Amino acid sequence: MTDELMKTPLHDTHVAFGARMVDFAGWSMPLLFRGIIDEHNHTRTACSAFDVSHMGRLKLSGGDSGALLDRLCTRNLAKPEVGRSYYTHMCNEDGGILDDLIVSRFETHWGIVCNASNREKIVNWINGHVGEMDATLTDETTATAMIALQGPRALALAQELTGIDPATIKRYWFTTHELLDMRITVYRCGYTGEDGLEIVFPSGLAGLIVPRVLGTTDTPHPVIKPAGLGARDTLRIEAGMPLYGHELSEDVDSITAGQGWCVDLETDFIGAAAMRRRKEMGLASKLVGLELAGKRTAREHYKVLSGAEHVGEVTSGVLSPTLGKSLAMAYVSIEHADEGARLEVEFGGKRVAATVVPLPFYRRRKEG
Amino acid sequence: MKTPSDRRYRETHEWFLLEGDIVTIGLTAHAADELTDITYVDLPEVGKTVAIDEVVAEVESVKATAEIYTGVAGQIVEVNTALVDNPELINDDAFNDGWLLKIRADSPTALDDLMSAKAYEKHIS
């Protein structure tokens with residue numbers, strides 16, 4: 001790509017903290033700072049700060065914005081609660097997944113967070129369905145920044161930084177703080193399997209907020225350390241969370257992808273009819289977790305075998321830093337997808353034994 | 001990082017050090033750094049005969065898998081068993097303790113076709 005990469009408001013901070021920057025969906029993003037495994041473990045045991053400003057942040061306003069989103073989202077949004085966030089998919093007429101998103105009900109509008117790689121597609125998709133409805137989409141991605149604070153100490157540290165107790169925000173709810181025309185939104189969400197927050201603020205506040213979170217290179221924050229996309233990926237695989245472009249794509253529907261919990265089939269969203277038919281006919285394959293023997297890591301597109309039969313394909317794999325096991329997610333034909341099924345994964349000419357196990361692989365200990 | 005001038009390089013980031021008719025093969029420090037934390041090394045069996053430009057080993061990291069090519073034809077005479085328990089030796093010392101395997105080369109002059117240290121440094125810059 002010859003085009004210049006987009007930079008987030010935290011870009012210079014990443015460079016100062018020694019990040020290795022990579023191109024991710026047209027953005028210059030940190031792959032790692034100290035090391036992927038180090039950052040992974042720090043997130044599981046303390047608290048990491050991830051720059052997720054590359055993700056799309058859209059605002060949908062107007063009297064019909066709720067009805068429009070309800071039509072586009074797999075989740076039933078007919079009776080939304082103000083202050084709540086919903087994980088959902090948007091699908092095409094065939095039920096193929098266009099993106100997975102978080103939609104949030106504000107008092108005066110809806111907020112939408114989508115994948116960086118799908119932002120243009122989703123903006124066009126939403127705008128293409130407005131028609132006569134009273135709904136206006138604004139892309140706030142470059143006007144704002146977004147930091148994820150993740151880890152068992154994230155909430156207590158956020159309280160120290162802000163004086164606000166984030167434990168009062170329930171999981172998948174959010175709170176906003178407004179001053180003049182500036183809005184800071186704190187979501188109790190994340191993509192690591194840990195408890196934590198995602199904080200959205202105007203880009204212009206980055207110079208004030210980022211040093212409070214990370215400290216400076218001379219005096220870094222004693223606990224909160226920056227983490228990059230590498231650790232974000234290993235953490236989300238352990239947590240069994242799908243990633244668009246790997247587990248999710250337009251070639252699969254939400255139910256096959258194991259995300260049926262965010263699908264309300266009795267509502268009339270785009271793709272619902274196709275998914276109802278798919279469900280009646282029975283799934284041909286589905287997303288499963290695999291635990292592999294030994295310490296090799298299965299990669300995307302590695303074949304899954306049952307005897308001589310090719311029964312599936314790996315979508316993501318990791319030698320789990322937390323669990324010490326080789327784990328993978330894979331699409332497997334339905335007759336081989338039952339928990340405990342004994343399969344094999346092909347590595348070059350060699351085969352490694354694999355067992356179907358439930359997702360997620362890792363679940364954080366809940367306090368109390 | 002320094003690229004030793006006593007050996008040859010393949011564009012796929014292997015280094016080849018010739019001593020007598022034995023060629024020691026490893027992964028360059030640049031490639032190890034790009035891979036990030038190395039988690040596993042799949043090594044071949046000693047005694048195996050390999051052709052030139054054949055995949056002979058695989059180095060896996062927390063991020064990706066790299067295939068290791070032979071560069072010379074011959075017979076595998078030794079593999080670095082220390083990597084079984086300590087694959088991170090490649091991250092720590094790619095050009096020395098992190099070596100992968102040794103081949104008794106049928107024709108060591110095949111290495112003359114590979115890159116010099118200078119050419120490799122240009123290749124990765």
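Student: Which residues are linked in a network of salt bridges?
Tutor: The network links A:Arg296, A:Lys350, B:Asp42, B:Glu58 and B:Glu60. Residues are numbered from 1 along each chain as its sequence is written, while chains are lettered from A and ligands numbered from 1 in the order in which they are written. This is a predicted model, in which local features need pLDDT of at least 70, side-chain atom pairs count only at pLDDT 80 or more, and totals for chains, interfaces and linings use all residues, whereas side-chain values use heavy atoms, with hydrogens and water left out.

Student: Why is the meeting of the side chains of B:Glu58 and A:Arg296 called a salt bridge?
Tutor: The term requires a side-chain nitrogen of Lys or Arg within 4 Å of a carboxyl oxygen of Asp or Glu. Between B:Glu58 and A:Arg296 the N to O value is 2.6 Å, so the pair meets that rule. Between chain A and chain B the count is 5 salt bridges, and the structure holds 23 over all chains.

Student: What makes chain A and chain B count as being in contact?
Tutor: Contact means heavy atoms within 4.5 Å, and 15 residues of chain A are in contact with 15 residues of chain B. The two chains bury about 1,300 Å² between them, with 46% of it on carbon and sulfur atoms; buried area is the accessible area (1.4 Å probe) that two parts lose on being put together, summed over both. In chain A, the residues that lose the most area to chain B are A:Arg20, A:Arg296 and A:Arg299, which together make up 43% of what that side buries.

Student: How many residue pairs are in polar contact across the interface of chain A and chain B?
Tutor: The rule finds 10 such pairs, both residues being at pLDDT 80 or more. On the side of chain A that touches chain B, the elements that give two or more residues are strand 3 (27–32) and helix 2 (36–45) of chain A. The residues of that side divide into 7 nonpolar, 3 polar and 5 charged.

Student: Why is A:Thr234 called buried?
Tutor: Buried means under 20% relative accessible area, exposed over 50%, and partly exposed in between (1.4 Å probe, protein chains only). A:Thr234 has a relative accessible area of 3%, so the residue is buried. A:Thr234 is found in helix 7 (residues 229–238) of chain A, and, leaving aside its neighbours within four places in sequence, is in contact with A:Ile36, A:His40, A:Val318 and B:Val62.

Student: How do you know that the side chain of A:Thr234 makes a polar contact with the side chain of A:His40?
Tutor: A polar contact is a pair of N or O atoms within 3.5 Å; within protein, one must be able to donate a hydrogen and the other to accept it, and residues adjacent in sequence count only if both atoms are side-chain atoms. The two side chains make this contact at 2.8 Å, so the value falls within the limit.

Student: What does the salt bridge between A:Asp139 and A:Arg119 look like?
Tutor: The closest N and O atoms of this pair are 2.7 Å apart. A:Asp139 lies in strand 9 (residues 136–139) and A:Arg119 in helix 4 (residues 119–127) of chain A, so the pair ties together parts that are 20 residues apart in sequence; helices (H or I, at least four residues) and strands (E, at least two) are DSSP runs, numbered from the N terminus. A:Asp139 is partly exposed at 36% relative accessible area, whereas A:Arg119, at 15%, counts as buried.

Student: What makes the side chains along strand 19 (residues 342–347) of chain A alternate?
Tutor: A:Leu343, A:Val345 and A:Phe347 point to one face and are buried, while A:Arg342, A:Glu344 and A:Glu346 point to the other and are not. A:Glu344, at 25% relative accessibility, counts as partly exposed, and its side chain meets that of A:Arg351 in a salt bridge (2.7 Å, N to O).

Student: How do you know that strand 19 of chain A pairs with strand 20 (residues 350–357) of chain A?
Tutor: Two strands pair if DSSP finds at least two bridges between them. Here 6 bridges join the antiparallel strands, so they pair. A:Val345 stands opposite A:Val352 in strand 20 of chain A, and the two strands form a hairpin with 2 residues between them, where A:Gly348 in the turn has a positive phi of about 55°.

Technical notes. Nonpolar A, V, L, I, M, F, W, Y, C, P; charged D, E, K, R; others polar.
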